[in-house]
Amino acid sequence: MERRRHKRFNTNKEILVSVNDAVMRGRMLNLSDDGCMIACDSKSASRGRKVTVTLIDRVCVEGEIIWANNRRIGVTFYRKLDAVTVRYFQIDNIALGDSQPLADQFGRDMPPMRPDRDFD
């Protein structure tokens with residue numbers, strides 16, 4: 001049974017994670033506007049802890065760890081990310097070959113982008 005309210009998009013981005021005033025590097029594995037999954041190696045990253053995730057330079061989001069298992073944590077954000085921030089990570093993955101399609105404002109998959117053959 002799917003418990004998420006919002007679709008998560010695969011990512012593979014190095015980020016900074018702050019838990020209990022300890023800052024560490026992590027790898028964000030997926031993202032939605034209300035949470036993410038992070039791979040990190042921290043014993044202090046346990047369920048119920050407050051966390052600050054630095055997605056990109058000067059873009060930080062606070063949240064809470066809702067699960068921790070096998071060096072991975074699930075984070076729910078206190079405030080939703082804006083659509084532009086989520087889209088930034090989607091577009092970054094498309095450039096790297098992620099085959100996950102973009103969706104329009106109604107949740108319908110957008111057609112795949114094709115290179116413009118007339119543009120040089």
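This report describes the strands, charged side chains and aromatic rings of one protein chain.

The model is predicted, so local features are reported only at pLDDT of at least 70 and side-chain atom pairs only at pLDDT 80 or more, while totals for chains, interfaces and linings use all residues. Residues are numbered from 1 along each chain as its sequence is written, and side-chain values use heavy atoms, with hydrogens and water left out.

## Overall arrangement

The chain contains 1 helix and 6 strands. Read from the N terminus, the order of these elements is β-β-β-β-β-β-α. Helices (H or I, at least four residues) and strands (E, at least two) are DSSP runs, numbered from the N terminus. Of the 120 residues in the chain, 33% are buried. A residue is called buried under 20% relative accessible area, exposed over 50%, and partly exposed in between, with a 1.4 Å probe and protein chains only. Among contacts in the chain with a separation of 6 or more, 47% are between residues 24 or more positions apart; a contact means heavy atoms within 4.5 Å.

## Strand β3 and its partners

Strand β3 covers residues 35–39, and 4 of its 5 residues are buried, so the strand is largely enclosed by the rest of the structure. Two strands pair if DSSP finds at least two bridges between them. Strand β3 pairs with β2 in the antiparallel sense over 5 bridges. The two strands β2 and β3 form a hairpin, with 2 residues between them. In this pairing, serine 32 stands opposite glycine 35 in β3. Strand β3 also runs antiparallel to β6 (residues 72–77), to which 5 bridges join it. Here isoleucine 38 stands opposite isoleucine 73 in β6.

## Salt bridges

How many salt bridges does the structure hold? There are 4 salt bridges in the structure. A salt bridge is a side-chain nitrogen of Lys or Arg within 4 Å of a carboxyl oxygen of Asp or Glu. The table gives three of them, including the distance between nitrogen and oxygen.

| Positive residue | Negative residue | N to O distance |
|---|---|---|
| Arginine 25 | Glutamate 14 | 3.1 Å |
| Arginine 27 | Glutamate 14 | 3.7 Å |
| Lysine 50 | Glutamate 62 | 3.8 Å |

The salt bridge between glutamate 14 and arginine 25 connects strand β1 with strand β2 (residues 22–32), so this pair ties together parts that are 11 residues apart in sequence. Glutamate 14 also forms a salt bridge with arginine 27. That pair links distant parts of the chain, with arginine 27 in strand β2 and glutamate 14 in strand β1, 13 residues apart. Together, Glu14, Arg25 and Arg27 are linked in a network of salt bridges. Within this network, arginine 25 is exposed, at 57% relative accessible area. Glutamate 14 is partly exposed, at 44%, and arginine 27 is partly exposed, at 31%.

A further salt bridge joins glutamate 62 and lysine 50. Glutamate 62 belongs to strand β5 (residues 59–69) and lysine 50 to strand β4 (residues 50–56), and the pair links distant parts of the chain, 12 residues apart. Glutamate 62 is partly exposed, with a relative accessible area of 38%, and lysine 50 is partly exposed as well, at 46%.

## A buried arginine

Which residue carries the opposite charge nearest to arginine 8? The nearest side chain of opposite charge is that of aspartate 34, 4.6 Å away; arginine 8 is buried yet has no salt bridge. In this count, Lys and Arg are positive and Asp and Glu negative, while His and the chain ends are not counted. Arginine 8 is located in the segment before β1 (9–19).

The side chain of arginine 8 does make polar contacts. One of them, of 3.2 Å, is with the side chain of asparagine 30, and another, of 3.5 Å, is with the side chain of serine 32. A polar contact is a pair of N or O atoms within 3.5 Å; within protein, one must be able to donate a hydrogen and the other to accept it, and residues adjacent in sequence count only if both atoms are side-chain atoms.

## The aromatic pair

A search of the whole structure finds 1 aromatic pair. Tyrosine 88 and phenylalanine 89 form this pair, which is edge-to-face, with 5.1 Å centre to centre and 90° between the planes. Rings of Phe, Tyr and Trp (its six-membered ring) pair if their centres lie within 6.5 Å; planes under 30 degrees apart count as stacked, over 60 as edge-to-face and the rest as tilted. Tyrosine 88 is partly exposed, at 39% relative accessibility, whereas phenylalanine 89 is buried, at 2%.
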